[in-house]
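Biologist: Please give me a close look at one part of this model, its packing. Start wherever you like, and keep the steps short.

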Amino acid sequence: MRLTDKFGRAITDLRISVTDRCNYKCVYCRTGNEGAIYAELPLADYLRLARIFVELGIEKVRITGGEPLLRPHLTDFIRQLAQLRIQHGEHAGRPIDTAITTNGHLLADLAQPLKDAGLSRITVSMDAVDPAKFARITRVPNGFENVLAGIRAAKKAGLAPVKVNCVLLRGFNDDQIVAFGKFARDEGVVLRFIEFMPLEEDRVWSPEIVVTLDEILERMKAFRPLVEIPHAYSETARRYQFDDGVGEIGIIAPVSHPFCGHCSRVRLTSDGKIRTCLFSLFDHDLAGKMQRGASDQELASFIESVIQKKEARHHIGEPDFIPPSRTMVHIGG
Ligand code: SAM
């Protein structure tokens, strides 16, 4: 039996935030302050909860934050996580897919140990290929060199293909589109442009700031046209390659081309709350139940009941949009 919500969507993808602390202060994400609001669970607790989710049908676990590489002993945690096996369906018995989303600042030294621990994939966030612009966005000096070293170390460790996430904001880094196209070709990384969503602490979002999928394609044409390639139904990114067959560029377009109808995700916050959507107005206290002594069976029943409450879709840009109860850094992106 697989974990399925009331709209028939199979829930196969779990994202776990292991901290809401971050060593970057990206302008579109956090205010300038240090930012940890919520508790962190012991890594063993995330592991127990991940195992229960996997028994219910989760096949991919992505570790995120905050900045996940700030958690000590993350490599040991990944080693244990990577032991979990898919329980249902055609891939039953195979190891789950394990991934990390990181800003890459501390990755250079950790890439090889993480690969050796069994990590399947890594995504590094990088919002400019111009170092000065990168510093203005992250509000951290000299981070660019660390992130580039992290990306190269991940490639060398065999965590290929390394994905690079870039959130575009009009007037801020939309002049980096073509530069990113060249960067993806030169470095052999898979690029993912992400449309900016209203999940930031400073509430600066407006439809005008969002650089949409159509605009990215149009502007990349000035360098080389992109040609669409097939993507899996449950995949959030539309995928493209350059017209000479080189590279892979994905565009995740939750604002201009929402994909809620085939969303397969559920999230666990650093303090152990389940979120059924980035834009949920409520979360569901799984850790509280665990801390009060619930059995695995009781936790599994709770997860199944919460999944039934998964929202049909988000309401970004609509008159009835209500900002979610937490911002991205405190949910886990
Ligand atoms: N610190 C890690 C990192 O930088 O990748 C993991 C957490 S971060 C919240 C995960 C991803 O969410 C990053 O790629 C970041 O750029 C993206 N992100 C943050 N705020 C966003 C927003 N308002 N809209 C779209 N993506 C956002």
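**A helix, a sheet and the packing around them**

Modeller: Start with helix α6, residues 177–187. Helix α6 lies across four strands: β5 (163–168), β6 (190–195), β8 (237–242) and β9 (248–252). Against β6, the helix runs at about 155°. Keep in mind that this is a predicted model.

Now look at the sheet. Those four strands belong to an open sheet of twelve strands. Read across, the order is β7-β8-β9-β6-β5-β4-β3-β2-β1-β10-β11-β12. The pairing is mixed. At the edges stand β7 (226–229) and β12 (284–285), each paired on one side only. Strands of a sheet pair through backbone hydrogen bonds, and they can do so parallel or antiparallel. Here is a parallel case. Strand β1 (residues 13–17) and strand β10 (residues 265–268) are joined by four bridges. Within this pair, L14 faces V266 of β10.

Next, the nonpolar core. The largest one has 105 residues. I63, F77, I78, L81, M126 and F193 have the most contacts inside it. Helix α1 (residues 43–56) gives this core its largest share, nine residues. Pick out L81. Leaving aside residues up to four places away in sequence, L81 touches L47, A50, V61, I63, I96 and T98.

Then come the rings. The whole structure holds eight aromatic pairs. One of them is F134 with F144, edge-to-face, 5.6 Å centre to centre and with 75° between the planes. F134 sits in helix α4 (residues 131–138) and F144 in helix α5 (residues 143–156), ten residues apart. Both F134 and F144 are buried. Ring pairs also bring in Y24, which forms a cluster with F134 and F144.

Compare a second pair, F279 and F321. Their planes stand at 70° and their centres are 5.9 Å apart, so this pair is edge-to-face. F279 is in the loop between β11 (273–275) and β12, while F321 is in the loop between α9 (296–307) and α10 (328–331), so the pair ties together parts 42 residues apart in sequence. Burial is simple to judge. F279 has 11% relative accessibility, so it counts as buried, because buried means under 20%. F321 has 22% relative accessibility, so it counts as partly exposed.

Finally, two charged residues lie over rings. K289 lies over the face of F302, 5.0 Å from the ring centre. R326 lies over the face of Y38, 3.6 Å from the ring centre.

Definitions and conventions: Residues numbered from 1 in each chain as written. Predicted model: local features only at pLDDT ≥ 70, side-chain atom pairs only at ≥ 80, totals over all residues. Heavy atoms only, no water. Core = buried A, V, L, I, M, F, W, Y, C linked by side-chain atoms within 4.5 Å. Buried < 20%, exposed > 50% of the residue type's maximum accessible area, 1.4 Å probe, protein only. Helix = DSSP H or I, 4+ residues; strand = E, 2+ residues; numbered from the N terminus. Contact = heavy atoms within 4.5 Å. Pairing = 2+ DSSP bridges. Axes fitted to C-alpha atoms, helices over the stretch in contact; angles between N-to-C directions. Phe/Tyr/Trp six-rings, centres within 6.5 Å; stacked < 30°, edge-to-face > 60°. Lys NZ or Arg CZ within 6 Å of the ring centre and 35° of its normal.
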